[in-house]
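This explanation leads through a protein structure by way of its cysteines, its nonpolar cores and its charged pairs. Please keep the sequence and the model in view while reading.

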Amino acid sequence: MLRIAIVDDEILIREGLARMISKESAEFLVIGTYSDGKHLLDELTTLQLDVVITDIRMPQINGLELIKQLKATHPQIYSILMSGFVEFNYAREAIRSSAVDYLLKPINKEQLFELLYRLDKERQLARDKEERHRSGLLLTFLHIEEPSSPLLLSSLTLPQTYFSVFVLKGSTRETVCSCADSLRQEKALSFDSLELQKGLYVWIVYSAEPLSDNDLKDIGDIMRISAHGKILHVGTSGCYNEVSKLRQAYLDAKQACNLGIYNPEPVHYANIQDIQQPEINILDHFNTIRELLIHNLQILNVTGILEWVHDLFSVLKAQQAGPDQILRVCRWIEETAQKELQEFEARNKSAPDLRLDDRIASSLSFSNIEEIFTAHFTNILTEIRTHRLEMSGTAIETIKRWISANYNQHADLNTLANMVFLTPSYLSKLFKQETGLTLTDYITEIRLRKAKHLLKNAPDLKVHEIGAEVGYGDPAYFNKLFKRVVGVTPNEYKRISIV
C-alpha cells in the first residue's frame with residue numbers, strides 16, 4: 001500500500017486530489033492533507049509516508065524547501081512537485097531537489113496515476129530487497145550467542161523506533177500464517193517474519209511507540225480467533241529501542257512460548273514480564289538417582305529403566321522445565337547409557353529419529369516430549385537386549401574357547417568383553433548366569449586343571465615352572481592358591497600322582 005500525503009495551500013485542490021487518488025485504487029492511501037510544508041514536517045515523526053505530493057508556492061515552507069528537508073531527513077520518501085507555472089527553472093530546481101517528477105496544474109489524472117503505480121512498484125521492490133537484507137541480518141543476530149560486534153550492530157537498521165519479539169510454535173504452518181495475516185489487516189502491524197528452524201517462528205514487531213498492555217491483549221485476542229481451535233503457542237518479549245537487545249528479547253520470548261507445553265488450552269499466549277520461573281538445577285537431582293539407572297542399564301532391565309525415566313520426567317514437569325532443559329536431561333541419560341552399553345552409540349546414530357532435538361524443540365506438549373524420548377530410548381534398549389539374548393550362548397562359548405586356548409595369559413575383563421561386544425559388567429553377570437562361576441573362578445579352574453595334568457604327566461618340570469606355564473609367575477601365590485583349591489600343595493599332589 002502506497003501511503004500518500006498532499007500539501008497545497010488551496011483546500012479545494014488538496015481535498016479534491018485526495019478523493020480522486022483514493023477512488024483510483026485501494027492500494028493508494030491518503031493519510032493526510034496539509035496547507036503548507038511546516039504542518040507536514042511537524043507531524044512527520046508520527047507518519048509512515050511513502051509519497052508526498054506538494055505544491056511549490058505555499059506560505060511558511062514552500063514545496064522546494066519541503067522536499068529538500070525530506071531528502072535530508074527521510075530519503076526513502078518520494079516527492080512529487082506540482083505547480084501552475086511552466087517555467088523551466090522550477091522544473092530544473094525540482095529535479096535538483098530530488099523530486100521524483102514535476103506535474104502541471106490542472107493535474108492530468110492519467111499522468112498522475114501512471115506515476116503513482118510506478119512508484120508503488122518501485123517502493124515494493126525496494127521494500128522487498130530491504131526486508132530480505134534485514135531478514136538475513138536478523139537471522140544472524142538470533143543465532144549468534146553474543147552478537148555484540150559494532151560492525152554487525154551498525155549494519156542493522158530497523159524500520160521503526162521500537163521493537164518487540166514474538167516467538168511462535170503452531171500445530172501447522174497455516175495456523176501461524178493465518179495469525180500473521182489477521183494482525184496485518186486488523187492492527188496494521190509492521191513486522192518481519194522469520195522461520196528460525198522447522199516449526200519455530202520469530203516475529204520482530206515494529207512500532208513508533210512501545211506496545212502497551214492493551215496492545216498486547218488485543219494481539220492475543222486476534223491470535224486466539226485466528227488459530228481457529230488449532231494449537232498455537234506464543235511468547236512475547238518486552239519492548240526495546242536498542243538493536244543490541246534483540247537476541248535477549250528473542251530468548252525471553254522463546255522462554256515465554258516454551259511454557260505452552262504445560263498449558264492445556266489450544267492457544268497459549270504469554271509475555272515474559274508476566275512470568276516468574278524458578279531457577280532449576282535438575283543436574284543435582286539427576287546425579288542423586290543416577291546409580292539406579294546405571295544398575296538397570298547393566299542388567300538391561302528395560303522395565304526398570306522406563307520407570308526411572310518416567311519418575312525423572314515427573315520431576316521435570318513439576319518444575320516446569322523448558323524444552324531446552326528437557327533435551328539436556330535426555331542427553332545426560334543417553335550419555336550414561338553410552339558408557340554402560342557398548343552398542344548404544346552406534347544404534348543411537350542409526351536410529352530413524354536421530355534428530356531428537358528438533359522433534360523435542362517443535363513439540364507442543366510435555367507428554368508428547370516424554371513419549372518421543374521414551375519411544376526413542378526404548379527402541380534402542382530393546383534392540384540391544386534382543387541382540388544380546390540371541391548371542392548370549394555364543395558369547396559365553398567364545399570366551400570359554402579363548403580361555404581354553406590362552407589360559408596362561410592375563411585375561412583382562414575389558415578385552416574379553418570387547419571380543420563379544422558386551423560391557424564388562426554385563427559379561428560378568430552373563431558368565432556367572434551361564435556357567436555358575438565367575439570369570440576369575442572359571443579361569444582358575446582351567447589353569448589348575450592344566451597344572452594337575454602337568455604335575456602328573458611331566459615329572460621333569462619343577463613346580464615353579466609348572467606354575468609359570470599355567471599363568472602364575474609367583475611360585476608362592478601358585479602354591480597357596482593350589483592348596484586352597486585342591487587341598488594339598490603342588491609337591492604333595494605330584495608325589496601322590498606319581499605313586
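Cys 179 is a suitable place to begin: its relative accessibility is 0%, so the residue counts as buried, where buried means under 20% relative accessible area, exposed means over 50%, and partly exposed lies in between (1.4 Å probe, protein chains only). The model is a predicted one, in which local features need pLDDT of at least 70 and side-chain atom pairs count only at pLDDT 80 or more, whereas totals for chains, interfaces and linings use all residues. Residues are numbered from 1 along each chain as its sequence is written, and side-chain values use heavy atoms, with hydrogens and water left out.

Does Cys 179 stand bonded or unbonded with respect to its closest cysteine sulfur? That sulfur belongs to Cys 177 and lies 9.3 Å from the sulfur of Cys 179, too far for a bond. A disulfide is a covalent bond between the sulfur atoms of two cysteines; the criterion applied here is a pair of cysteine sulfur atoms within 2.5 Å. Cys 330 is likewise buried, at 0% relative accessibility, and the closest cysteine sulfur to its own, in Cys 257, is 19 Å away, too far for a bond. The structure holds 0 disulfides.

The nonpolar interior comes next. A nonpolar core is a set of buried Ala, Val, Leu, Ile, Met, Phe, Trp, Tyr and Cys residues joined through side-chain atoms within 4.5 Å. The largest such core has 39 residues, and the members that touch the most others are Phe 313, Leu 316, Ile 326, Ile 333, Phe 373 and Phe 377. Two or more residues come from each of helix 10 (282-298), helix 11 (302-318), helix 12 (323-340), helix 14 (356-361) and helix 15; helices (H or I, at least four residues) and strands (E, at least two) are DSSP runs, numbered from the N terminus. Helix 15 gives the most to this core, with 8 residues.

Which residues does Ile 326 touch, not counting those up to four places away in sequence? They are Ile 261, Tyr 262, Phe 313, Leu 316, Ala 321, Phe 366 and Ile 369, contact being heavy atoms within 4.5 Å. Apart from the largest core lies another, of 31 residues, including Ala 395, Tyr 426, Leu 427 and Ile 466.

Charged pairs complete the picture. Side chains of opposite charge can pair when their charged atoms come close. A salt bridge is counted when a side-chain nitrogen of Lys or Arg is within 4 Å of a carboxyl oxygen of Asp or Glu, and by this rule there are 17 salt bridges.

One of them joins Glu 383 to Arg 347, with the closest N and O atoms 3.2 Å apart. This pair links distant parts of the chain, since Glu 383 lies in helix 15 (residues 366-405) and Arg 347 in helix 13 (residues 344-349), 36 residues apart. Glu 383 is partly exposed at 39% relative accessible area, and Arg 347 is partly exposed at 23%.

Other bridges stay within one helix. Asp 221 and Arg 224 pair with their closest N and O atoms 3.6 Å apart; both lie in helix 8 (residues 213-226), 3 residues or about one turn of the helix apart. Asp 221 is partly exposed at 31%, as is Arg 224 at 39%. In helix 15, Glu 397 and Lys 400 are also 3 residues apart, about one turn, and their salt bridge has its closest N and O atoms at 3.6 Å. Elsewhere, salt bridges that share partners join Asp 8, Asp 55 and Lys 105 into one network.
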